[in-house]
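Trainee: Please take me closely through the aromatic rings of this protein and what surrounds them. I should like the argument to be connected, with every cut-off stated.

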Amino acid sequence: MINIFDIEDYCSLEHTACREYLLSFSQPWLALRELKDYIRALGETLSKQEYDRYGRDVWIHKNTVVYPTAFVKGPCIIGRGSEVRHSAFIRGSALIGENCVVGNSTEIKNSILFDSAQVPHFNYVGDSILGYKAHLGAGAVTSNVKSDKSEVFLSCGTEKIPTGLRKFGALIGDRAEIGCGSVLCPGTVIGRNTTVYPLVRLRGTVDSDSIVKAESITVRKV
């Protein structure tokens, strides 16, 4: 079983601008509580030769493409080579790495996207961390709030781990593939290189190098 308390078990920290920030937390999801302030502080350090600043707290790399109908609210940083497509809605507190894709009608809020993460079609990413080259298929979403609005717990085998958060969507490891139309329930944790089939409703913790065929059917990759 992977160690759910160590961000490096999931994500390659050389592929994000917030390496030291993430390492300062004993539990990765706790980084989401202070993300807004961190983005603002990081933005002030960015090169004016590399980043354009919009308003008080939006920084977009000069080599990033933002389509005319996209909406970006601060605080937000979007790294080099990324693409924000038509009708994307970035609601703020978003740290988007290099060479990412934020697609049409995708909404992002209070989340970290590592380099080359892709959320290209009709996705919702709220209060989540997506690792290097993580990919959400069309219509896949992270559900970040329980129906009763209570604290989110992580399920790891028979253990229930409190997060201290009322809003926490998912931690998705490097190169994980989330199938079209899948729903990741609050507090879902997915290891590196794992594939989730389309239309799966998933909760709990999934090891690296796995295939999730249905909510209760997970097998190891061979």
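Mentor: The account below starts with the aromatic pairs, moves to a helix that carries one of the rings, and ends with pockets and backbone details.

The model is predicted, so local features require a pLDDT of at least 70 and side-chain atom pairs a pLDDT of 80 or more, whereas totals for chains, interfaces and linings use all residues. Residues are numbered from 1 along each chain as its sequence is written, and side-chain values rest on heavy atoms, with hydrogens and water left out.

A pair of aromatic rings is described by the distance of the centres and the angle of the planes. Rings of Phe, Tyr and Trp (its six-membered ring) pair if their centres lie within 6.5 Å; planes under 30 degrees apart count as stacked, over 60 as edge-to-face and the rest as tilted. Searching the whole structure on these terms gives four aromatic pairs. In one of them, Tyr-21 and Tyr-38 have ring centres 4.0 Å apart and planes at 15 degrees, so this pair is stacked. Because Tyr-21 belongs to helix 1 (residues 19–23) and Tyr-38 to helix 2 (residues 35–43), the pair ties together parts that are 17 residues apart in sequence. Helices (H or I, at least four residues) and strands (E, at least two) are DSSP runs, numbered from the N terminus. Tyr-21 and Tyr-38 are both buried, a term for under 20% relative accessible area, with exposed meaning over 50% and partly exposed the range in between (1.4 Å probe, protein chains only). One aromatic cluster is formed by Tyr-21, Phe-25 and Tyr-38.

Another pair joins Trp-29 and Phe-168, with centres 5.9 Å apart and planes at 35 degrees, so it is tilted. Since Trp-29 sits in the loop between helix 1 and helix 2, and Phe-168 in the loop between strand 18 (159–162) and strand 19 (170–172), this pair ties together parts that are 139 residues apart in sequence. Trp-29 counts as buried because its relative accessibility is 1%; Phe-168 counts as buried because its relative accessibility is 1%.

Helix 2 sets Tyr-38 in context. An α-helix has 3.6 residues a turn, so residues three or four places apart point the same way. The buried residues of helix 2 are Leu-35, Tyr-38, Ile-39, Leu-42 and Gly-43. Their arc around the axis is only 130 degrees, which puts them on the same side of helix 2; the arc is that of the directions from the helix axis to the C-beta atoms. They pack against helix 1, strand 2 (58–61), strand 5 (76–78), strand 8 (94–96) and strand 11 (111–113).

Strand 5 and strand 11 lead to two backbone details. Pro-75 is placed in the loop between strand 4 (71–72) and strand 5, and the peptide bond from Gly-74 to Pro-75 is cis, with omega near 0 degrees. Ser-116 is in the loop between strand 11 and strand 12 (118–121) and, although not a glycine, has a positive phi, near 65 degrees. With 17% relative accessibility, Ser-116 counts as buried. Leaving aside residues up to four places away in sequence, Ser-116 touches Glu-98, Asn-99, Cys-100, Tyr-132, Lys-133 and Ala-134, where contact means heavy atoms within 4.5 Å. Asp-127, in the loop between strand 13 (124–126) and strand 14 (129–130), also has a positive phi, of about 50 degrees, without being a glycine. Asp-127 is buried, its relative accessible area being 3%.

Glu-98 leads on to the pockets. On a 1 Å grid over the protein atoms alone, a cavity is a set of points where a 1.4 Å probe fits but cannot get out, and a pocket is an open set with protein on both sides within 12 Å along at least five of seven lines; lining residues have an atom within 4 Å of a point. Grid points are joined across faces, edges and corners, and a volume is the space filled by probe spheres set on the points. The second largest pocket holds about 160 Å³ of space. Of its 15 lining residues, Ala-17, Tyr-51, Gly-97, Glu-98 and Asp-115 lie nearest its centre. The largest pocket holds about 210 Å³, and its lining includes Phe-153, Cys-185, Arg-201 and Arg-203.
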